[in-house]
Structure formats: C-alpha cells, structure tokens
Amino acid sequence: MTDTTPFDTRFDDDSLMSEPDPTGRFGEFGGRFVPETLVPACQQLEAGFREAWSDPEFRDELDTILRDYAGRPSMLTECFRLSEELGVRIFMKREDLNHTGSHKINNVLGQALLAKRMGKQRLVAETGAGQHGVATATAAALMGLDCKVYMGAVDVERQALNVFRMRLLGAEVEAVHSGSKTLKDAVNEAMRDWVATVDGSHYCLGSVMGPHPYPWMVRQFHRVIGDEAREQCRAATGGDPDVVVACVGGGSNAIGIFTGFVDTDARLVGVEPAGGAAVRHGVPGVVHGMRSYLMQDEYGQVEEALSISAGLDYPGVGPEHSWLSSIGRAEYPNVTDDEVVEAFQLLSRTEGIIPALESAHAIAWLSREAHTIQGQTVVVNLSGRGDKDVAQMMDVLGDRGEA
Amino acid sequence: MSETFGRIETEFRAKRDAGHKLLVPYITGGYPGWQDAIRACAAQGADAVEIGIPFSDPVMDGPVIQQASQAALDRGATPQSVLDEVPRLDVEIPLLVMTYYNLVHHDGHRRFAHRLVEAGVSGCILPDLPLEESEPWTRAADHEGVETVMLAAPTAPDDRLPRVAARARGFLYSVGLLGVTGERDELAATATALAGRLKAITEVPVLVGVGVSNAEQAYEATRVADGVIQGASMMRRLIDQGPDAVGEYVAEVRASIDRH
C-alpha cells in the first residue's frame with residue numbers, strides 16, 4: 001500500500017510481517033501450549049479477533065479511540081543535541097507521550113474493545129513495571145469492565161506508584177509471592193485465574209507472547225507504531241532509517257516498530273537486558289503457552305531474569321522475535337544495568353526527556369554502538385516515560401553519590 | 001482386530017469391568033517423605049500413583065502443590081533424581097509421572113520417554129500439552145510404550161471430546177472444574193457433568209481430578225466416573241502430617257468409593 005496518507009493507522013495485510021501458520025507458529029516458534037481448559041478459549045479468541053480485525057466498524061472504532069483517547073499518532077522527535085553528542089542522526093518515536101505513558105495502551109485498547117465485543121465483562125492481566133497494568137486498568141475503566149491485575153511482590157514494592165494508579169482506576173491488584181515474585185510468576189498467576197474464570201474473563205496479555213493468537217494479535221495492535229514511524233521518517237528525511245532500535249522484554253514495542261520497517265533495508269535491533277538475554281543466552285523452550293527462546297537451567301527449569309527494569313524482567317521473548325533472530329532479520333544484543341543508568345541520565349540531560357528504564361536499554365545500545373554507525377539515521381522507539389522510575393533512580397544514583 | 005493396551009489401561013479396564021472404582025493419589029516427587037507416601041498409598045488400596053516431577057512454573061497447580069514443587073526444587077530435585085528413586089519404591093501398582101512439557105521438550109521426547117520406561121514408570125500426564133501440540137510427544141511415548149493420559153476439560157465442545165478420548169492411553173483425565181488443583185468445599189457440578197459426557201463416548205476409563213477434595217467428594221464423583229485422582233488433599237496431609245497420614249487418608253477414600 002503506497003498511497004496511504006501519513007498517520008493512517010490502517011496497513012497492508014500483505015506486508016512481509018505475515019500472520020503465523022495455522023498452528024500459530026512463526027517458523028518453529030509459537031504454538032499453543034496451554035491447559036486443555038483454555039484451548040477452546042484460545043480458539044474463540046482467534047476467531048473473534050479475525051472477525052473483528054476484518055470488520056471496518058471495529059477498526060474505525062479502535063482508530064477513533066487511539067486518536068481521541070490515547071493521543072495517536074505519537075510524534076517522531078528529532079533529537080538534535082543527542083545526535084550531535086553521538087554523531088548519529090537520531091529520531092525518537094514518542095510512545096512515552098501516549099495516554100498512560102507508554103506504548104502499552106495501543107494493545108490494551110484493542111483487546112478491551114475486542115473483549116467487550118466478545119461479551120466478556122472482566123479483564124485479567126499481569127504486569128511487570130506496572131505500565132501494562134495501568135493501561136489495562138485504564139481501558140477497563142473507559143469501557144466499564146472489571147479488572148484484576150497480578151504483579152510480582154518484588155515489583156509491587158519497586159513500582160508502588162503504579163500500584164496506586166491501578167487501584168485508583170478501579171482495578172484489583174494482587175501481589176504474587178510465588179517463584180521469583182516477578183513478571184513470569186505474575187503471568188503464571190494470571191493464567192491460573194483465566195483457567196478458573198474463562199467463561200466471563202478475557203486475559204489481556206501484555207506482550208507479543210503467550211499462546212496463539214496472542215503474539216500475532218498483540219503485534220497487530222502495536223504495528224501502528226511502526227506504520228506511523230515509517231511515514232513520519234519518510235516525511236522528515238525522504239527515506240527509511242538505517243537502524244531501528246527498541247528494547248525487548250517480551251518484545252511488544254519492538255515488534256510494533258519493526259513491523260513498519262521489516263520490508264526495508266533498515267537494521268532491526270532489539271535490545272535485551274544482560275540479566276534477561278533470552279535470545280542471546282536462552283535455548284528454545286516451552287512456557288506460558290509458547291515455544292520460544294527461554295532462559296532455563298540444564299534440566300529445563302525456567303530461570304529468573306534479573307534487570308534493573310521490572311518491565312524487562314522476563315526470561316523468555318515473543319516467538320516472532322525468536323523467528324526474526326533465527327532467520328537473521330533482526331539482531332538482539334544486550335546491555336548492562338550500568339549502561340542503562342547512564343543512558344537514562346544521558347537522554348534526560350541532552351533532550352529533556354526522562355525515559356522509562358525499559359526504553360533506556362535502546363538508548364544504551366545506541367550510545368555504546370554509535371561509533372560504529374556514525375552519520376547514519378536511527379529511529380529509537382521510546383516506548384515509555386520515566387516517571388514511574390524516578391524514585392528508583394533517586395535511590396540508585398543516591399547510592400552512587402550522584403543525586 | 002483385538003486392541004492391546006498398556007499396563008495401566010489393561011488393569012484399569014479389568015478393575016472397572018469388575019465393578020471396582022479406581023483411586024489414583026498424586027504425590028510430588030522430591031518432597032520430603034514422598035517415597036514413603038507412595039508406599040503408603042499402595043499399601044492402603046491405591047490403584048496407581050501419579051508422581052509429580054517438579055517444575056518451576058506449574059500453571060495448572062494451585063498453592064499446595066505449587067508449594068510442594070518449589071520445596072522439592074529448593075532441595076535439589078531434578079527429573080532424573082526423582083526417576084532414580086522409582087525402582088526403589090518397590091510397589092506393585094503402576095506408576096505415572098505428571099510434569100510440564102518444557103522438561104520433556106528440553107530433554108528430548110524419545111530420551112524422556114525412555115527414561116520413564118527405564119525407571120519403571122508406565123504412564124505420563126502433561127497438563128500443558130493439549131491435543132493439537134501433542135503429536136511429537138505421543139509418537140515417542142507410543143514407541144517406547146509409555147501411556148499418555150489426556151486431559152478433557154469442561155470447556156470442550158462436544159466435537160472435541162471424542163478426538164481427545166481417541167488419543168488417551170491408560171485413562172482419560174476428566175478435569176473436574178474450571179480452575180487449578182486445590183481443595184474445595186464442594187464437588188463442582190461440572191465434575192460429574194463432564195464425566196458423564198465422557199462416559200457416553202468412550203470405553204477408556206474416565207477418572208475425575210482437580211477439585212476432588214475428600215472421601216465424600218470422591219464417592220460423589222465416582223457415581224458417574226470410573227475413578228478419582230486426588231492431589232492437593234494428599235499433599236496437604238504429607239506437608240502437615242507426613243506419609244502415614246497420607247496412607248490413612250487413602251484408606252478412608254478407598255472405603256468411601258468401595259461403597260458403590
């Protein structure tokens with residue numbers, strides 16, 4: 001589709017990012033590994049999504065909400081001072097400016113609208129840093145749905161502000177004390193809830209992971225990021241960028257922006273935390289309903305991911321990322337917590353933009369590798385804003401005597 | 001053509017046809033006292049025992065079994081360390097393994113199936129491996145002679161159940177309610193409803209599990225089903241009171257379902 005107007009959230013379904021095969025696989029990754037109780041629910045969801053996605057009324061309604069409520073299209077900001085400092089022409093796709101402060105709202109509004117269309121009255125969600133939980137609670141409030149959010153007990157503590165936000169929005173937040181008490185355990189608990197309440201509840205999964213159709217459906221709800229960014233980049237530079245960078249936990253913001261550029265020559269870079277480098281250090285495994293790269297021990301027990309950023313504390317990655325890596329279309333380097341802290345400060349200082357710690361991973365990679373891509377044009381997906389992380393960073397920088 | 005069944009299905013069909021209701025306790029492998037608990041189950045009238053191989057992310061299990069699994073993992077339990085103990089249990093009844101698919105996937109289907117056979121395990125239950133994804137495992141399991149117990153859920157439409165039943169070996173695990181393992185005050189209406197639907201379409205023995213919490217509920221469930229699987233109520237006794245209490249409880253459930 002070459003004649004789209006800028007910022008049109010519609011896209012060409014025949015693009016290179018095709019849908020997975022009938023078993024929900026991208027190559028050898030994906031699938032639907034769920035308890036038998038959930039198989040019919042996944043099948044119904046797939047049918048419901050297909051039907052809604054091909055219905056112009058649904059798409060119009062979603063487009064309207066994205067525009068009038070979420071604030072889309074998000075801006076593409078050229079970062080002159082950071083560009084000068086790094087010797088690279090840098091644009092930021094400003095998902096941090098969306099309502100609720102991150103890209104998460106795109107997916108959640110889509111799923112909530114779909115859940116309502118399918119007659120569900122309740123949303124169940126998991127959250128790491130709380131951004132997906134806040135987005136889900138927001139969509140539930142907007143659409144009059146009940147909402148329960150599971151969050152690892154460790155994350156509840158380090159993201160107290162987002163817990164308060166969710167409760168203010170009318171959601172019930174339950175701290176999960178099992179396992180590593182982080183995102184993966186919150187996913188387990190949300191799936192258990194869904195098993196028990198599948199008749200009336202929709203599991204509003206927060207990333208491009210889980211059983212089919214989630215990785216595909218969530219990607220479709222997020223590809224608006226990439227479609228907009230491509231048009232905006234062409235308008236600003238007359239062409240496509242050389243590099244597209246995004247952070248990867250499960251990988252929803254990354255897949256969203258990659259989708260807009262997968263059929264260009266742009267390098268696609270998904271940056272993982274060093275303590276949760278599923279693509280680099282994981283091997284294919286099956287958990288949370290999907291086959292994908294997964295950090296696990298020699299027996300197949302799932303390992304804990306460790307990152308300064310709660311939103312990236314996930315030992316796996318969405319199956320489409322595993323596939324993009326396996327075919328060599330995207331690369332998945334990792335950065336350390338120290339590099340992330342520096343990047344957090346760098347963007348704040350040079351551009352007046354305090355990024356989410358998740359998004360700071362993308363900037364950390366760019367900062368480290370800038371000398372190898374001098375003069376090139378880079379689009380960074382700034383997936384979220386850093387308000388939620390400033391208290392944590394006060395502690396981190398305070399300990400270093402820098403705050 | 002005469003069908004040949006594995007050990008579990010052969011024994012279960014014969015017992016069922018003789019009017020005997022089947023009782024399968026679940027015990028988490030690697031939890032302190034688990035071997036004695038299994039011996040106690042066998043001594044007090046269990047027809048088979050399901051041994052849990054602990055997994056880090058047990059999505060079908062509620063708090064009791066999850067706690068037991070974590071405790072076993074914290075003590076260093078591995079799939080092989082659990083299987084190594086099985087030949088030393090020295091019980092006459094067939095044994096099954098219940099675990100999650102990643103441990104099988106990670107080990108390799110054929111190798112895992114072979115490990116089960118070497119340990120003397122007859123069957124396997126993988127609650128996160130639904131029919132559509134099961135073929136690589138069931139092919140290996142069939143080849144090695146391991147009986148794969150399939151789960152049937154209350155949410156399944158009518159056209160799905162015969163396909164699940166057709167793939168089941170040993171017995172068919174009729175999931176008693178929408179939810180995960182754990183004790184409930186009452187047997188859910190879905191338990192007998194699903195068991196009835198399954199009994200109408202298959203000759204494979206139908207056992208109700210998940211949410212069968214005491215001797216009376218076991219009696220109720222076996223008014224329709226051929227037997228019951230009890231996990232959380234077994235493990236709570238093992239955790240709180242030790243292996244002897246598990247044996248006493250098995251005897252109590254046995255007496256209850258023998259009233260039929």
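In this predicted model, helix α1 of chain B, which spans residues 7–17, has as its buried residues I8(B), E9(B), F12(B), R13(B) and R16(B). These residues cover an arc of only 115 degrees around the axis, which means that they lie on the same side of α1(B). An α-helix has 3.6 residues a turn, so residues three or four places apart point the same way. The buried residues of α1(B) pack against β1 (22–28), β3 (95–98), β4 (123–125), β5 (147–152), α9 (189–199) and β7 (206–209), which belong to chain B. After α1(B) comes G19(B), with a positive phi near 85 degrees.

Turning to chain A, an open sheet of 4 strands runs in the order β1-β2-β12-β11, with antiparallel pairing. Its edges are formed by β1 (25–26) and β11 (283–287) of chain A, each of which has a single partner strand, so one side of each is left without a neighbour in the sheet. The partnership of β1(A) with strand β2 of chain A (residues 29–33) is antiparallel and extends over 2 bridges, and R25(A) has G30(A) in β2(A) as its bridge partner.

Further along chain A, helix α13 (residues 337–351) and helix α14 (residues 357–369) pack with their axes 8 Å apart and at an angle of about 95 degrees; α13(A) and α14(A) are therefore roughly perpendicular to each other. To this contact α13(A) contributes E339(A), V340(A), A343(A), F344(A), L346(A) and L347(A), while α14(A) contributes L357(A), A360(A), H361(A), I363(A), A364(A), S367(A) and R368(A). By class, the residues of the contact between α13(A) and α14(A) comprise 9 nonpolar, 2 polar and 2 charged.

How values were computed. Residues numbered from 1 in each chain as written. Chains lettered and ligands numbered in written order. Predicted model: local features only at pLDDT ≥ 70, side-chain atom pairs only at ≥ 80, totals over all residues. Heavy atoms only, no water. Axes fitted to C-alpha atoms, helices over the stretch in contact; angles between N-to-C directions. Parallel < 35°, antiparallel > 145°, perpendicular 65-115°, else oblique. Contact = heavy atoms within 4.5 Å. Nonpolar A, V, L, I, M, F, W, Y, C, P; charged D, E, K, R; others polar. Pairing = 2+ DSSP bridges. Buried < 20%, exposed > 50% of the residue type's maximum accessible area, 1.4 Å probe, protein only. Arc of directions from axis to C-beta.
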